[in-house]
Amino acid sequence: MLNIFGLSKYNNNNNNYKLLVETNSNFFNTLRRYKFYFIVTFAMVLLLSSFLAALAIVPNSSSAQDTSNSKTEALPTSIVQDRTGVIKPAEDHELDYNNDNRLASKQFFELLQDTNNTYYNEETGILGTSFFSPNVFSRQPYVANGYIGSRIPNIGLGYAQDEITLFTNESAALNNDWPQFNPRYAGSFVADFYALEEHLTKTNFPELDDKGYPNIIASIPDWTDLQFKIAKTPLWFNALNVTADQVTNYSQNMSINNGIVNTTMDWLDGLLHVSSQIVSHRDIYQLGYVNLEVSLNTENLPANFTECPLELYDIFNHSTSWRTYLQDSGYDEKNDGIFMIVEPDNVPYNNAALFSTAEIELLSSTGDVTSNVCFTGTQSNSTDNIASQTAAVILTKENPKIIVRKYVGVMSTTFSLTNSSNLDTAISCANEYKGQYNRLLASHDTAWAELYGDAKIEIPSDSFLELAAKSSLFHLLANSRPNNVTQERGMLLPVSGLSSDSYGGLVFWDADMWMTPALLPFAPKVAKNINSYRNATHHQAQLNAREYGYAGAAYPWTSGGFSNCTSTGPCVDYEYHLNVDIAFSTLSIFLSGATEDLNEDYLRYTTWPLVKDAADFFTSFVRVNNQTGKYETLNSTDPDEYANHVDNGAFTNTGIKTLMKWATDIGHHLNEAVDSKWMVISNNIIIPRAESNITLEYTGMNSSVEIKQADVTLVVYPLDTIDDPISAAYAINDLYYYSGKQAASGPAMTYPVFVAAAQSLLNHGSSSQSYLYKAIVPYMRMPFAQFSEQSDDNYDTNGGLNPAFPFLTGNGGVLQSIVFGLTGIRYSYEVNNSTNQMDRFLKFDPTELGTLPQGLAIRGFQYMGNTIDFIIDETHGTVVNKQGNSSITIKVPNRDKFDDTDIHFYIPSNKTLQRRSSYCQVRIADDGIYYTIEPGQELVIPVYKPLLSVEGNLAEHRQITNLTSGVAGDVGLSAIDGNNYTHWQPVDKNNAKLLIDLGSEQQINKGFINWGYRPAQNLSISILPHSELLESLFTNVTYIIENSNGTKEDATAEAMAYLEHYMSSGNESTSGACSSDISDILNWKLGSFNNMIQSLPNIEPLQETFITIVDDQKVVPSLPYYSELDVTDAVVLVPSNITEFTVDYSKVNYNTSLSCLPGASSNDWKKARYVVVSVQGTYDNDAYPYGATLNEIILQS
């Protein structure tokens, strides 16, 4: 434990204080020894704190200007940077878009799983695929509006179970996972529609089934089901019968602008062209509609063709519904449609009614409507449980096309806001909008536009990250709703939303800590509705606590239609932190003040009851450790579910510590009774730490752990508990340590947190951005940019587990990592000591984003009734209060309080591990500057510029890609991000290559590699000479193609003419060979960036062009290679082994083929922009197939 502050020295020359935090097991002896220094230090701290407190008064716009003249005491290190802000009239801020960087960023699309034949149109927001795949969950789109949703199979209509898996022949991989393990399917859902089952296939606490049935989502009959067949043949167009050999010219796409899914194809050797469009109306929640168009491909008709008779079927099929009982179904002649009513298993007082009415238009070859065809009802079949209506049409050359439009109303008991029956409401809805298809499309688009409002995330240099941000916001909005939600019930947001029954459609902490904060800045009404569900179930949570003898309220780990303690959702002996998470969520909503009703009343009647009861619960739950006198928690589980039933989980206990302060502050603010014991617990609860001062995830943790997901790091974000240099020192060591302990196949609930932690704690490198790519690349699935729960979807290699899909938690994490993580934005408050009132403010801590050179813009951020833009470019961070009626307070934190490079670690000496004396240098200083910004004003502050971790490193935070595959979850950027505790590891130990773009020509003379726990056997480095000349050539050719007035062929011809002219001015004796090289590189450069790179190792001329400057250097560890760390229990940071290299250009075999380039000189070939780093083998040469771990690549001139 760090237990003594000793004043080291006072330097009169630079007026700097240095506090040395020393490790000492005998606090009192040390205190007596340094009593005089301690007293002097304490007095000076009080004096300086009083002075700084006076500076911390929130300035108005004019006083904020005065801070520009204030001087900050400087530490003797370049960590200190002047970040004084200026307030001025608001301006428009447009970020520069760099097409070259955006093109380069597209390499990351190629790193995603299963990207063949997929596409994304940035301008239209369309994601899609041209490959007709057998049905499999990760390749399917969906429609949803927050109330109804449906996953769409490959043909674009109806219901289908998964037919294949992408990685294994194991039949169990076709199933969803815990708790029911039923087959995966493309089906339909309605919100808050839960069944009760006596037992589920697998639960954590099966003994609780004796107390009450667990609840699980029930799906409804598929409402998108339209089918047709060619009359008098067995040829059916439905999800069960269409096969890939019947389909050509296929396309299926989904818009992230409006959520519409379109599917088109030619069927039966091109005889028929079939297209469908599925919509769940954004504003009319109970309405879904389908547009089906079938037409003859007249140019493909045989000579003897006369007609094509079709039979059309509009269907509700109860067999497409899971865990429901069929109440009634049939054809309603009066209302001209079919209906079906189902109730969830064992919940007879709840039902969902569906009603469908349809219309058909027959079109002539000129596009005119020649007739309207009516559906007629068919006799219900009690054994088939099907309601259907049919129609017959004949397609001819004269009338080659039909349009079928199906309007479906869906109403359930938990949503109904009228006194009418659910069926009457569904009928009324469908018939009201029948025949208004185009008007519905227009109003749907308008509703989506209004929901998005001003919300926009721009990342000009990176189209990949921009898509991840945009699609994440879309997926969260599509599965939630801002209106038509009663406060008595709230809105449930399951892990997989409204298109899957993954995790039984249950609500976890994911809704409170991962999704709600992500939605809050852009859709505060939606965020409030999610939290209203917790408020609506608060009484049941109180009953749960009483059942187990506790005060306050105890929420079950999972819940749905019911919130009692169940076998899937225990209330005790499990993840108690959920109660902290719910309190955090409701407090964050209040702190945002984003809408007018998030005021004192909201704090008093919504937030306070939830926070107070959580505090009361934990007050009755914690126990005093008789030996230490500290409070502790027993038999709980932290977010890391690989470690169940442990004591003193660090996140849980830190959450309790923080919760007690929230409760105290809110109680005083509202003049409510405050339990004095709350702060006693807060100040005295155990946070377990190792002797190395690394925070233990739980008492007794050792170094053998593999951690499922972010846990200890959650203390930094989102809890935001790091408020002093000592806690920062702990947190930095924790970040480094746990970065290497995360399970490679863990869920998408890790690296978004590391993004925020690295951004706020580290003053060197760019690992916040490498963590961001790690949060996305392994988890995002094309073609529809949906997230999988796991980085590895392979059932065989992932421990027999199937991932939840889609995984909205991942979307929430990524959105938070960009909006809050990269920017340092935090909702916060401070207590006015004279009035006990809570004053709300926003933290903003912009840093230069080394790998995102054009910066970042977060637009349409809703705060305190205002609309705000946050812009970060290469030099400044700007807060624009562009619309609203009130001032806002921004706090810019002081980053000069700690040094992230002075870490605590062990090093081996004489082949044994020795303790290194360690300290953390800190400065007592103001914790930040406050600014008040009025509407129509903006605050501009210099960004903090992180330093290079190794001075003169040419590679740090440059563009990089792996030419060979990495381990699931690894990204190449981790090897050049300036963080020696991130790494990239190849799948194949015998072949590992990384390509680095240095950005400009540099001469590499030396460098070194920091290895992780697996050094390589050999190291090679190669360069591409004259890359600046080649880059200029590529730019000119690209410009010619993009600005040509002719066809694509004309543009290509112009480019080739330029190329020939360019090459003719070179060395004639070598121009032929050179032209071959240039052409290959040109093809590489003008394709997608990744295709360009992937072709490199396979192009013979380029193999000759890349020059090896370090050739198979044998790796000799700089420190003794110690396998003893594999078995030790010590929780310590381990230093890297380092392999240094120098380049002797006199021994390099230079290929002169590129000297023919105009302007190229044989003397400057040593300068290169593109560098390939290759490693082979592993130092210990074990049987493990994965390769060396490259923590950091350092290239120096």
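A residue is called buried when its relative accessible area is under 20%. With that cut-off in mind, Cys308 counts as buried because its relative accessibility is 4%, and Cys429 is likewise buried because its relative accessible area is 4%. The structure discussed here is a predicted model, and this report goes through its cysteines and then some of its paired strands.

**Cysteines**

Two further cysteines, Cys565 and Cys571, are also buried, and these two are joined to each other by a disulfide with a sulfur-to-sulfur distance of 2.0 Å. A disulfide is a covalent bond between the sulfur atoms of two cysteines. The distance of 2.0 Å between Cys565 and Cys571 satisfies the rule, because a pair of cysteine sulfur atoms has to lie within 2.5 Å to be counted. The count by this rule comes to one disulfide. The link of Cys565 and Cys571 is left-handed, with an angle of -105° about the S-S bond.

**Paired strands**

Strands of a sheet pair through backbone hydrogen bonds, and the pairing may be either parallel or antiparallel. The table lists three pairs of strands.

| Strand pair | Sense | Bridges | A residue and its partner |
|---|---|---|---|
| S4 and S5 | antiparallel | four bridges | Asn121 and Ile126 in S5 |
| S5 and S15 | antiparallel | four bridges | Ile126 and Ser255 in S15 |
| S44 and S49 | antiparallel | six bridges | Gly1007 and Leu1195 in S49 |

Strand S4 covers residues 118–121 and strand S5 covers residues 126–129, and together S4 and S5 form a hairpin with four residues between them. In the turn of this hairpin, Gly125 has a positive phi of about 70°. Strand S5 also pairs with strand S15, which covers residues 247–255. Ile126 is the bridge partner of Asn121, and Ile126 also stands opposite Ser255 in S15.

**A sheet of three strands**

Which order do the strands take in the open sheet of three strands? The order is S47-S44-S49, and the pairing is antiparallel. Strand S47, with residues 1137–1142, and strand S49, with residues 1190–1196, are the edge strands, each of which pairs on one side only. From one strand to the next, the twist averages 15°. Strand S44 is made of residues 1006–1011 and pairs with S49 over six bridges, and within this pairing Gly1007 is found opposite Leu1195. In a regular strand, the side chains alternate between the two faces of the sheet.

Technical notes: Residues are numbered from 1 along each chain as its sequence is written. This is a predicted model: local features need pLDDT of at least 70, side-chain atom pairs count only at pLDDT 80 or more; totals for chains, interfaces and linings use all residues. Side-chain values use heavy atoms; hydrogens and water are left out. Two strands pair if DSSP finds at least two bridges between them. Helices (H or I, at least four residues) and strands (E, at least two) are DSSP runs, numbered from the N terminus. Axes are lines fitted to C-alpha atoms, for helices over the stretch in contact, and angles run from 0 to 180 degrees between N-to-C directions. Buried means under 20% relative accessible area, exposed over 50%, partly exposed in between (1.4 Å probe, protein chains only).
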